[in-house]
Amino acid sequence: MKRTIIFTVFRIIEKLRVGEKAYLLKIQASQVKRSKPGQFVIVQRDELSERIPLSILESHEYGFSCLLKVVGRSTMELLEEGEELLYIAGPLGVPFPVGRYGRVLFYSHDWGIAPILNVARALKIEGNFLKLVHTSEELYLMDQVERVFHLWDVSSDPLPEECDLVVSAGSNHLSEKLTQLYPNKPILSMVNVHMLDAVGLCLVCRVRVDGEYRLACSEGPWFEAHKVDWRDLISRENIYKEQERQATEEYLKLLKRRELKG
Ligand code: FES
């Protein structure tokens with residue numbers, strides 16, 4: 001019997017610079033267009049490149065958009081050479097529990113503004129009052145921030161405020177700090193972890209929640225912050241730092257060689 005194998009290639013339709021080392025990518029991937037708030041995808045540029053998780057900012061009729069923060073070789077490759085992607089898995093993860101909470105206080109750090117905007121858009125439709133506190137210097141996607149939030153502020157040292165629910169994304173340190181600022185409030189935080197296969201086999205994304213290991217790729221990425229062992233998570237944050245530094249250095253040399261040849 002004759003077999004036909006169809007390879008799908010995912011096109012990056014647009015790359016728009018939105019800040020220092022930050023880009024808005026629009027990607028054609030029909031299976032992601034029905035994603036739910038708070039979900040993410042895993043992308044891989046070619047068979048030799050690393051798989052990286054990216055939070056979905058918004059779904060569109062052709063696929064989705066996301067925020068790419070260039071932090072190392074894989075994200076740099078995506079920016080420099082990623083016109084097409086070999087592999088996209090998603091939408092992945094348990095969607096954010098959208099509902100009517102009342103006054104919701106969002107905390108974002110750096111790229112965390114992307115998943116925060118995705119969730120906030122859905123909570124606004126439910127009639128919640130939304131305030132954003134961004135805790136790093138540069139706030140990307142300002143036009144969307146102004147459209148979605150009733151109030152917003154930038155502060156690296158936030159103080160507790162009256163609210164019914166706290167939501168955070170972009171930094172494990174920030175989420176840990178929020179558990180001290182709000183000891184008696186519900187906090188839903190997106191954990192920041194490395195991911196490899198995103199199907200529950202590699203266990204790289206394990207998070208200690210309420211004394212038990214859970215997988216961020218299939219059971220997360222949102223967890224009740226008071227139950228997360230942030231110290232354990234933070235201690236594993238830099239585990240691949242040296243390999244990442246070497247890979248980035250090699251890639252920068254490669255770019256330099258290409259430039260000289262060109
Ligand atoms: S990324 Fe491998 S188990 Fe979650």
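A residue counts as buried when its relative accessible area is under 20%, as exposed when that area is over 50%, and as partly exposed in between. The structure shown here is a predicted model, and with that cut-off in hand Lys 131, whose relative accessible area is 12%, is buried.

Lys 131 is a good place to begin, since its side chain meets that of Glu 161 in a salt bridge, with 3.0 Å from N to O. The pair links distant parts of the chain, 30 residues apart, because Glu 161 sits in the loop between β10 (151-154) and β11 (165-169), while Lys 131 belongs to strand β9 (residues 129-134). Unlike the buried Lys 131, Glu 161 has a relative accessible area of 26% and is therefore partly exposed.

Side chains of opposite charge can pair when their charged atoms come close. By the rule used here, the model holds 15 salt bridges. Another of them joins the side chains of Glu 250 and Arg 73, at 3.9 Å from N to O. Because Glu 250 lies in helix α7 (residues 241-261) and Arg 73 in helix α1 (residues 73-81), this pair ties together parts that are 177 residues apart in sequence. Glu 250 is partly exposed at 49% relative accessibility, and Arg 73 is partly exposed as well, with a relative accessible area of 25%. Both residues also belong to a network of salt bridges that links Arg 45, Asp 46, Arg 73, Glu 77 and Glu 250.

A further salt bridge brings together the side chains of Glu 219 and Arg 214, at 2.9 Å from N to O. Here Glu 219 is partly exposed, with 32% relative accessibility, and Arg 214, with a relative accessible area of 28%, is partly exposed too.

From these pairs we can turn to the largest pocket, which holds about 1,500 Å³ of space. It is lined by 44 residues, of which Val 71, Asn 192, Val 193, His 194 and Glu 244 are the closest to its centre. Helix α7, the helix that carries Glu 250, gives the largest share of this lining, 5 residues. Among the elements that each supply at least two residues of the lining are α1 and α7, together with β4 (52-59), β5 (63-69) and α4 (172-181). By character, the lining residues divide into 20 nonpolar, 14 polar and 10 charged. Since domain 1 (10-92) and domain 2 (103-235) both give residues to the lining, the largest pocket lies between them.

Methods:
Residues are numbered from 1 along each chain as its sequence is written. This is a predicted model: local features need pLDDT of at least 70, side-chain atom pairs count only at pLDDT 80 or more; totals for chains, interfaces and linings use all residues. Side-chain values use heavy atoms; hydrogens and water are left out. A salt bridge is a side-chain nitrogen of Lys or Arg within 4 Å of a carboxyl oxygen of Asp or Glu. Helices (H or I, at least four residues) and strands (E, at least two) are DSSP runs, numbered from the N terminus. Buried means under 20% relative accessible area, exposed over 50%, partly exposed in between (1.4 Å probe, protein chains only). On a 1 Å grid over the protein atoms alone, a cavity is a set of points where a 1.4 Å probe fits but cannot get out, and a pocket is an open set with protein on both sides within 12 Å along at least five of seven lines; lining residues have an atom within 4 Å of a point. Grid points are joined across faces, edges and corners, and a volume is the space filled by probe spheres set on the points. Ala, Val, Leu, Ile, Met, Phe, Trp, Tyr, Cys and Pro count as nonpolar, Asp, Glu, Lys and Arg as charged, and the others, Gly among them, as polar. Domain bounds come from an automatic or database domain assignment.
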